[in-house]
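Trainee: Please pick a single part of this structure and take me through it closely, in one connected account, setting it in the context of the rest of the chain at the end.

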Amino acid sequence: MARPAKTNPPANAAELRKHYFLDSYVIIAPGRNLRPDLFSHAAEPHKVPSDHCPFDHNTEPEIWQHPRGANWQVKVVRNAFPALSTDNPKAFGSQEVIINTPDHNLEFSELSVEHITEIFTAYRLRITELSKLEGIRYVLVFKNDGPIAGASIAHAHCQIFALPIVPPKIARESDALNHYWDQKNTCAYCDIIEWETSQKVRIIAEDKSFIAVAPYASSHALEAWLIPRRHVTKFAQFNATELHSLATMLKKITARLDTSMISFNYFLQESLDNQDHHFVLKVEPRTTKYAGAEIGTGVEINPVTPEYTTLWYQGKIPTTSPH
Ligand SMILES: [Zn+2]
Ligand SMILES: [Zn+2]
């Protein structure tokens, strides 16, 4: 197993860092950086052959698909076992699944940029439709990729949750963004782009439309945020150039994780009560398990510095591989 032990920072380089705008902290502890077992539990193949994949030969009526007919490439269906549904007032909401490709053996990161852009079309249309449902206040789009990230089905897919509440975690973030705006008369994410651009060391990738950063106070190893340069507040506001840029960056980042067989989640969300907040897509790799210190204090210990993460995504550090 090739691992970048030689590039580990010294053990005394730990640093307590505060979130850009939330009242929360992480301990970046690179003394524990990339210890041999860091990725060991992630070393399971994403591609799990299955005789019983529910997305192969899926007969569920489509909510949306592209293109129409038997040769669909992206398809939205109802979640077969929803916890939330529009006919249950006690757990009102909606859950849909976006089957990313008809091919069971393709990873999300192996799909073409054009194909990923079609998946984004599904995001745009379904977020818009679900937001119109009376009683819905929040829509989350997420991907579980790999067994550690909770993907019970290996076939590439995303999920959409529509909830009748704004989850408290999101409400807190929203309050903090509003507070930041009140204090500085500017958007926290617009400021993050400006500050990280001046700092230079945590920019994984950038182009005219998007910037991908390893956030200064990342709570997850190898965490990455994709932020549009324009103050876009709804997925439906993106133009074709921006969607192409987002697809290109997301493909590169997820391909890097796939190469190392690292499970990950990514998510984006829209809170209907807070339509003016800057869009962000967050990629959270699942490399570490939280232990007592994290669970007891809520202060997470991240064993990989965001600066190291940046170099890792850029291919400037050899990837860890179970082979
Ligand atoms: Zn399948
Ligand atoms: Zn902004």
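**The zinc site and the strand beside it**

Mentor: With a relative accessibility of 5%, H278 counts as buried. I begin there, keeping in mind that this is a predicted model, because H231 differs in this respect, being partly exposed with a relative accessible area of 31%. Both histidines coordinate the zinc ion (ligand 2) through ND1, and the other two donors are the SG atoms of C187 and C190, with distances of 2.0 to 2.3 Å. The angles among the 4 donor atoms run from 106 to 117°, and the site is tetrahedral; since the criterion for four donors is that all angles lie between 85 and 135 degrees, these values satisfy it. Along the sequence the donor residues follow the spacing C-x2-C-x40-H-x46-H. H231 sits in the loop between β10 (224-228) and α4 (240-259), while H278 sits in the loop between β11 (264-271) and β12 (281-285), so the two histidines tie together parts that lie 47 residues apart in sequence.

The strand that precedes the loop of H231 deserves the next step. β10 is mostly covered, with 5 of its 5 residues buried. In a regular strand, side chains alternate between the two faces of the sheet. In β10, A224, L226 and P228 point one way, whereas W225 and I227 point the other way, and all of them are buried. As for its partners, β10 pairs with strand β9 (residues 210-213) in the antiparallel sense over 4 bridges, and in that pairing I211 stands opposite I227. β10 is also joined to β12 by 3 bridges, again antiparallel, with A224 standing opposite V283 in β12. The loop of H231 is thus bounded by β10 and the loop of H278 by β12, and these two strands are themselves bridged.

For the wider setting, the protein chain has 6 helices and 13 strands, and buried residues make up 51% of its 323 residues. Among contacts with a separation of 6 or more, 68% are between residues 24 or more positions apart. The accessible surface comes to about 15300 Å², and 54% of this belongs to carbon and sulfur atoms.

Definitions and conventions:
Residues are numbered from 1 along each chain as its sequence is written. Chains are lettered from A and ligands numbered from 1 in the order in which they are written. This is a predicted model: local features need pLDDT of at least 70, side-chain atom pairs count only at pLDDT 80 or more; totals for chains, interfaces and linings use all residues. Side-chain values use heavy atoms; hydrogens and water are left out. Donors are N, O and S atoms within 2.8 Å of the metal (3.2 Å for Na, K and Ca); water is not among the atoms, so sites may look incomplete. Four donors count as tetrahedral if all angles lie between 85 and 135 degrees; four count as square planar and six as octahedral if opposite donors are over 155 degrees apart and all others between 65 and 115; anything else is irregular. Buried means under 20% relative accessible area, exposed over 50%, partly exposed in between (1.4 Å probe, protein chains only). Contact means heavy atoms within 4.5 Å. Accessible areas come from the Shrake-Rupley method with a 1.4 Å probe; for residues, only the protein chains shown count as cover. Two strands pair if DSSP finds at least two bridges between them.
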